[in-house]
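This report examines selected features of one molecular structure. The reader is invited to follow each residue in the display below.

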Amino acid sequence: MITREGLENQQIGIYFISLIVGALIGLNFERFGTGLQWTISPLIAILLYGMFAQIPFLKLKEAVSNVRFMIALLIGNFVCVPIVVWILTLIFPQSTPLLLGICLVLLTPCIDYVIVFTQLGKGNEKLMLAATPLLFVVQMVLLPLYLWLFIGKEMFNVVQIQPFIEAFFFLIVIPLLLAVLTQWWAKKQTLWDQALELTAWLPVPFMALVLIVVVASQIGKVYNDFTIIINVVPIYVLFLIIMPIVSRLIARIFSLDIGAGRALIFSMGTRNSLVVLPLALALPEAWRTLAAAVIVTQTMVELIGELIYIKAVPNWVLRDSK
């Protein structure tokens, strides 16, 4: 008999299989795989609803009041990360469309499924949820500045912000409100209390579905431009390796507890790939294909990295104090 605890215990294997299934679908049934693209956002929204529904919102006041974590989060994501990205792009120089894709995805911290991965990696997901609005506002303000510093003035005429705002509303705001309402209704009616219990089953299967449809719908783009975008893979791999080291140093400087330190690691290592993809798809034709392919490549590299993070962060990078 399948149990929720059994699913959670086998989640790494489930996600790995999902990556393989998605790749097989996308490579062997390209038209079908590409047609799955429209399901990405709805599936992420359901995934996050299930995740949000498990978080006790009445206790979020404590998380919001954790000033040290919020400062560490801002310094890590908006000072340290850009410096690391700048160094990596100097070591591995890229053409302008590729550089644009790299900047879009690596300079914007994740505001959606990082909450799921933080929980799976035994970090403090309540802190990540509380930080979501702050991360969104700050990256919206700083992204044009970063693009100007990395690429030049032409970015102001190329990048559209509206898809970013729409993604935040549909992927974060609506699932969050529905989760809060579910918890509120659960206190008043037994039926809604049972519904709240059922939401605990959603994260693992829907994360698996997200992995399948993302890979299946996007791997064709990566395959077609493989000889070009393979050059960006070292940047993504090194980024995933460097971030836990930098994050742990920042966590030590700010004397963060174990849960907050792990949340910082996941935040700095997890990028906004699925949310900034609409930004790339809204670019002019000359920029669109390569920038989108670069972002999708980062998604695939990151998903594999997250599976490693889930195991490595609590067991080796930042272990519980004995």
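## Helices, core and selected residues

Thr39 is located in the loop that joins helix 3 (30-35) to helix 4 (40-53). The model described here is a predicted one. With a relative accessible area of 12%, Thr39 is buried, because buried means under 20%. Its side chain reaches the backbone oxygen of Leu36 at a distance of 2.6 Å.

Helix 3 also holds Glu30. At 44% relative accessibility, Glu30 counts as partly exposed. When neighbours within four places in sequence are left aside, Glu30 is in contact with Ile25 and Asn224. Glu30 and Ser217 are 187 residues apart in sequence, yet their C-alpha atoms are 7.7 Å apart in space.

**The nonpolar core.** Which residues touch the most other members of the largest nonpolar core? That core has 122 residues, and the ones in question are Phe69, Leu100, Tyr236 and Leu264. Helix 17 (residues 285-317) gives the most to this core, contributing 15 residues. Phe69, apart from its neighbours within four places in sequence, is in contact with Leu127, Met128, Ala131, Leu256, Ala260, Ala263 and Leu264. Leu264 thus appears both as a contact of Phe69 and among the residues that touch the most other core members.

**A covered helix.** Helix 7 (residues 96-106) is mostly covered, with 10 of its 11 residues buried. Among them are Pro97, Leu100, Gly101, Cys103 and Leu106. The buried residues of helix 7 pack against helix 6, helix 9, helix 13 (226-229), helix 14, helix 16 (273-281) and helix 17.

**A pair of crossing helices.** Two of these partners, helix 6 (residues 67-91) and helix 14 (residues 233-253), have axes that come within 10 Å and cross at roughly 145 degrees. Their crossing is right-handed. On the side of helix 6, the contact is made by Ala72, Gly76, Cys80, Val81, Val84, Val85, Leu88 and Thr89. Helix 14 takes part through Ile235, Leu238, Phe239, Ile242, Met243, Val246 and Ile250. The residues of this contact divide into 13 nonpolar, 2 polar and no charged.

**A buried serine.** Is Ser267, in helix 15 (residues 258-269), buried or exposed? Its relative accessibility is 0%, so Ser267 counts as buried. The side chain of Ser267 makes a polar contact with the side chain of Asn77, at 3.0 Å. Not counting residues up to four places away in sequence, Ser267 touches Leu73, Asn77, Pro109, Val114, Met128 and Leu135. Met128 is therefore touched by Ser267 and is also in contact with Phe69.

**Positive phi angles.** Lys122 has a positive phi although it is not a glycine, and Ser255 likewise has a positive value in a residue other than glycine. The table sets out where these residues lie and how accessible they are.

| Residue | Phi | Location | Relative accessible area |
|---|---|---|---|
| Lys122 | about 60 degrees | loop between helix 8 (114-120) and helix 9 (125-150) | 55%, exposed |
| Ser255 | near 55 degrees | loop between helix 14 and helix 15 | 47%, partly exposed |

Lys122 counts as exposed because its relative accessible area is 55% and the exposed class begins over 50%. Ser255, at 47%, is partly exposed, because that value lies between the limits of 20% and 50%.

Note on methods:
Residues are numbered from 1 along each chain as its sequence is written. This is a predicted model: local features need pLDDT of at least 70, side-chain atom pairs count only at pLDDT 80 or more; totals for chains, interfaces and linings use all residues. Side-chain values use heavy atoms; hydrogens and water are left out. Axes are lines fitted to C-alpha atoms, for helices over the stretch in contact, and angles run from 0 to 180 degrees between N-to-C directions. Helices (H or I, at least four residues) and strands (E, at least two) are DSSP runs, numbered from the N terminus. A crossing is left-handed if the near helix is turned anticlockwise from the far one by less than a right angle, and right-handed if clockwise. Contact means heavy atoms within 4.5 Å. Ala, Val, Leu, Ile, Met, Phe, Trp, Tyr, Cys and Pro count as nonpolar, Asp, Glu, Lys and Arg as charged, and the others, Gly among them, as polar. Buried means under 20% relative accessible area, exposed over 50%, partly exposed in between (1.4 Å probe, protein chains only). A polar contact is a pair of N or O atoms within 3.5 Å; within protein, one must be able to donate a hydrogen and the other to accept it, and residues adjacent in sequence count only if both atoms are side-chain atoms. A nonpolar core is a set of buried Ala, Val, Leu, Ile, Met, Phe, Trp, Tyr and Cys residues joined through side-chain atoms within 4.5 Å.
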